[in-house]
Amino acid sequence: EQPKLMRLSNTALPVSQPVDLTEAAEKACNAVVYIKCVQVSKTRTIEYQDPFADFFEEFFGRGQGGTQRRQMQTPKRESAGSGVIISEDGYIVTNNHVVENADEITITLNDNREFTARVIGLDSDTDLALLKVDATGLPAIVIGDSDNLKVGEWVLAVGNPFNLTSTVTAGIVSAKARNLRASKNGIESFIQTDAAINQGNSGGALVNVRGALVGINAMLYSQTG
């Protein structure tokens with residue numbers, strides 16, 4: 001018997017609609033903030049071992065001992081990152097490594113308003129930090145459920161890479177519960193995404209197609225470390 005050939009009509013194949021990410025991007029951009037941190041210059045007293053102390057003591061009789069003290073001025077340091085507004089009354093979540101050791105923290109909203117932030121809590125184990133600014137009516141993000149994420153699902157990474165505010169990149173969930181052995185304490189369960197993330201994205205939002213927060217962008221992983 002000869003094989004039968006069937007012609008497929010145009011209506012037989014489902015037409016997939018492109019994913020609209022514009023609404024999610026708008027919601028997330030308004031809730032993601034730019035964080036500027038300053039470590040002020042400080043005077044520190046350090047102890048150091050003088051390798052010539054024993055020589056002067058032996059030959060000239062005027063050594064001061066092997067250990068000496070010296071005052072040093074540490075330079076002023078500035079760094080930047082991202083954060084996410086999680087409540088209308090000014091609570092903001094970011095990475096611990098973004099704000100750790102900062103003496104001054106300035107928050108800039110997407111509408112260019114600036115606030116001075118104070119640290120409410122730091123957790124180095126999960127690399128999370130909670131900040132607070134004195135403001136009301138802020139555009140808080142909707143909190144999603146990362147447990148419901150599926151591999152292959154579209155996500156957006158929103159942050160401030162290279163000091164470029166309100167930058168949005170798109171990708172998919174590449175893997176879940178990823179252990180990269182990057183934590184000293186072993187507390188790891190990362191969401192891996194192929195959305196572009198660069199320096200300055202730390203502390204920014206990972207959101208789903210509805211604009212709900214499903215993760216905090218924490219690190220880059222590459223062959224160079």
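Start by selecting helix α1 and colouring Thr22, Glu23 and Glu26: these three are exposed, on the other side of the helix from its buried residues. "Exposed" here means over 50% relative accessible area, "buried" means under 20%, and partly exposed is in between, with a 1.4 Å probe and protein chains only. Before going further, know that this is a predicted model, where local features need pLDDT of at least 70 and side-chain atom pairs count only at pLDDT 80 or more, while totals for chains, interfaces and linings use all residues. Residues are numbered from 1 along each chain as its sequence is written, and side-chain values use heavy atoms, with hydrogens and water left out.

**Stop 1: the inner face of α1**

Now swap the selection to Ala24, Ala25, Ala28, Cys29 and Ala31, which are buried in α1. Look down the axis of α1: the buried residues fall within an arc of 165°, so they line one face of the helix. That arc is taken from the directions running from the helix axis to the C-beta atoms. A bit of background helps here: an α-helix has 3.6 residues a turn, so residues three or four places apart point the same way.

What do the buried residues of α1 pack against? Show β1 (32-39), β4 (77-85), β10, β11 and β13, and you have the partners. Contact means heavy atoms within 4.5 Å. Helices (H or I, at least four residues) and strands (E, at least two) are DSSP runs, numbered from the N terminus; the chain comes to three helices and 14 strands.

**Stop 2: the cysteines**

Stay on Cys29 for a moment: its relative accessibility is 12%, so it counts as buried. Then click Cys37, which is buried too because its relative accessibility is 2%. How many disulfides are there? The count comes to zero, taking a disulfide as a pair of cysteine sulfur atoms within 2.5 Å.

**Stop 3: the five-stranded sheet**

Next, select β10 to β14. They form an open sheet of five strands in the order β12-β11-β10-β13-β14, with antiparallel pairing. At the edges are β12 (190-193) and β14 (213-216), each pairing on one side only. Two strands pair if DSSP finds at least two bridges between them. On average, neighbouring strands in this sheet are turned by 40° against each other, direction ignored.

Bring α1 (residues 22-31) back into view: the helix packs on the sheet, touching β10 (154-159), β11 (167-178) and β13, and its direction makes about 30° with that of β10. For such angles, axes are lines fitted to C-alpha atoms, for helices over the stretch in contact, and angles run from 0 to 180 degrees between N-to-C directions.

**Stop 4: the β13-β14 hairpin**

Zoom in on β13 (residues 205-207), which pairs with β14 in the antiparallel sense over three bridges. Leucine 206 has glycine 215 of β14 as its bridge partner, and alanine 205 stands opposite isoleucine 216 in β14. Five residues lie between the strands of this hairpin, and glycine 211 takes a positive phi near 80° there.

**Stop 5: Asn217 and Ser202**

Step past β14 to asparagine 217, in the segment that follows the strand. This asparagine counts as buried because its relative accessibility is 5%. Its side chain reaches the backbone oxygen of alanine 205 at 3.2 Å. Not counting residues up to four places away in sequence, asparagine 217 touches ten-odd places worth displaying, including Asn95, Ala157, Val158, Ile197 and Ser202.Serine 202 is your next click, in the loop between β12 and β13. With a relative accessible area of 18%, serine 202 is buried. Draw a line from its side chain to that of histidine 97: a polar contact of 3.2 Å joins them. A polar contact is a pair of N or O atoms within 3.5 Å; within protein, one must be able to donate a hydrogen and the other to accept it, and residues adjacent in sequence count only if both atoms are side-chain atoms. Leaving aside neighbours within four places in sequence, the contacts of serine 202 include Gly81, Thr94, Asn95 and Asn217.

**Stop 6: two asparagines with positive phi**

Finish in the loops. Asparagine 101 sits between α3 (96-99) and β6 (104-108); its phi is positive, about 70°, although it is not a glycine. Asparagine 101 is exposed, with a relative accessible area of 54%. Asparagine 163, in the loop between β10 and β11, also has a positive phi, of about 65°.
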